[in-house]
Amino acid sequence: MTRTLLVRCTANQTQRICGHFNSQWGIDEQQDAKEFLEFVLDYMHEDLNVHWNRQPLKALTEQEELHREQLPRQYAAKIEWSRYQHRDFSPIGAMFAGQHASQLSCQTCGITSTTYEAFWSLSLEIPNVEACDLRDCLRSYCSAERLAGDELWRCPRCKKDREAVKKITITRAPDTLVVHFKRFSASRGENARKIRTPVHFPLQSLDMGPFMEPPITPKEEDVVARIAKDGPAQLNNIKTDPTMNGPFIYNAYAVIWHIGATLGSGHYVAFVKDKAKGTWRSFNDDKVTDFEPANLSAQNRLQNEKAYVVFYERERVAGGAF
């Protein structure tokens with residue numbers, strides 16, 4: 001992955017990035033792989049961002065937000081993606097960034113409020129069971145969550161704190177999907193404990209379709225064609241955008257294990273697929289070995305209690321950008 005990213009950088013950019021790594025991440029210090037990944041992607045994105053010097057867009061007014069809430073979800077998501085890219089546009093974002101919509105629904109008056117956000121990885125809770133599947137974690141991530149008690153939502157119509165339901169839907173599929181399993185959990189006043197539940201995840205043909213925003217309906221098409229400026233062109237952009245249209249099939253190309261009992265200690269091992277040779281390689285400090293996942297024993301398979309971060313690449317669709 002590092003080679004793929006760095007070839008897009010100039011020599012000066014690479015030198016600045018490496019220098020910043022050395023200043024921020026000391027030698028012989030234990031670091032979290034997920035945090036380091038976010039650091040790498042964020043810094044490279046900022047260094048390659050061609051829109052960094054644009055003036056920020058004005059925040060939407062309450063009335064503008066209410067108007068956007070009435071728009072078809074796909075059209076609203078497209079608008080918000082354009083707003084995001086107004087100041088964030090880089091080759092790194094093109095590879096890793098997706099978008100999800102988080103909708104809150106007031107349980108008193110029924111009004112909804114949707115926030116559209118770019119994401120660079122999905123951090124998934126692991127259920128407290130003997131074993132689970134990645135798709136169980138994704139269903140939990142996208143399931144409706146009731147906000148009550150200390151989590152009441154300030155309803156813009158009621159002007160009071162109300163119980164609400166929160167639901168997340170993925171509205172734009174990234175080219176590279178990074179899945180992070182939340183293996184460390186801490187109660188109040190306690191140190192983080194490691195969750196050792198084995199998680200099964202497919203190495204081939206992960207279908208993200210069930211977790212994506214459904215395709216635009218004919219009724220919604222009519223709305224966009226009628227109210228949008230250059231409606232037919234906008235509608236065509238939505239219907240031909242590969243990030244918003246399936247199939248959403250992904251194949252794994254890398255897995256990171258965390259071996260150890262705590263967040264502040266342990267050891268990381270990376271397993272990466274060599275696309276040219278079609279084989280997998282294990283990177284364990286200075287030891288590099290080739291292997292085939294199908295030939296591993298049950299206790300050493302990639303999908304076990306050590307799996308921490310999984311990298312997926314979306315299959316290319318005939319006639320599309322992916």
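This is a short dialogue on packing and burial in a predicted model.

Student: Why is Thr169 called buried?
Tutor: Its relative accessibility is 13%. Buried means under 20%, so Thr169 counts as buried.

Student: Where does Thr169 lie, and what does Thr169 touch?
Tutor: Thr169 lies in strand β8. Leaving out residues up to four places away in sequence, Thr169 touches Arg73, His100, Ala101, Phe211, Met212 and Glu213.

Student: Why are α8 and α9 called oblique to each other?
Tutor: Helix α8 (residues 218-227) and helix α9 (residues 231-240) pack at an angle of about 140°. Roughly antiparallel needs over 145 degrees, and roughly perpendicular covers 65 to 115. The angle fits neither class, so α8 and α9 are oblique. Their axes are 7 Å apart, and the crossing is right-handed.

Student: Which residues make that contact?
Tutor: Helix α8 gives Glu221, Val224 and Ala225. Helix α9 gives Gly231, Pro232, Gln234, Leu235 and Lys239. They divide into four nonpolar, two polar and two charged.

Student: What makes a set of residues a nonpolar core?
Tutor: Its members are buried nonpolar residues such as Leu, Phe and Met, joined through side-chain atoms within 4.5 Å. The largest such core here has 37 residues. Among those with the most contacts inside it are Leu122, Leu134, Phe201 and Tyr312. Elements giving two or more residues to this core include α7, β8 and β18. A second, separate core of 19 residues includes Val40, Leu48, Ile92 and Phe96.

Student: What does Phe201 touch?
Tutor: Beyond four places in sequence, the contacts of Phe201 include Leu134, Phe181, Val255 and Tyr312.

Methods
Residues numbered from 1 in each chain as written. Predicted model: local features only at pLDDT ≥ 70, side-chain atom pairs only at ≥ 80, totals over all residues. Heavy atoms only, no water. Buried < 20%, exposed > 50% of the residue type's maximum accessible area, 1.4 Å probe, protein only. Helix = DSSP H or I, 4+ residues; strand = E, 2+ residues; numbered from the N terminus. Contact = heavy atoms within 4.5 Å. Axes fitted to C-alpha atoms, helices over the stretch in contact; angles between N-to-C directions. Parallel < 35°, antiparallel > 145°, perpendicular 65-115°, else oblique. Left-handed = near helix turned anticlockwise from the far one by under 90°. Nonpolar A, V, L, I, M, F, W, Y, C, P; charged D, E, K, R; others polar.
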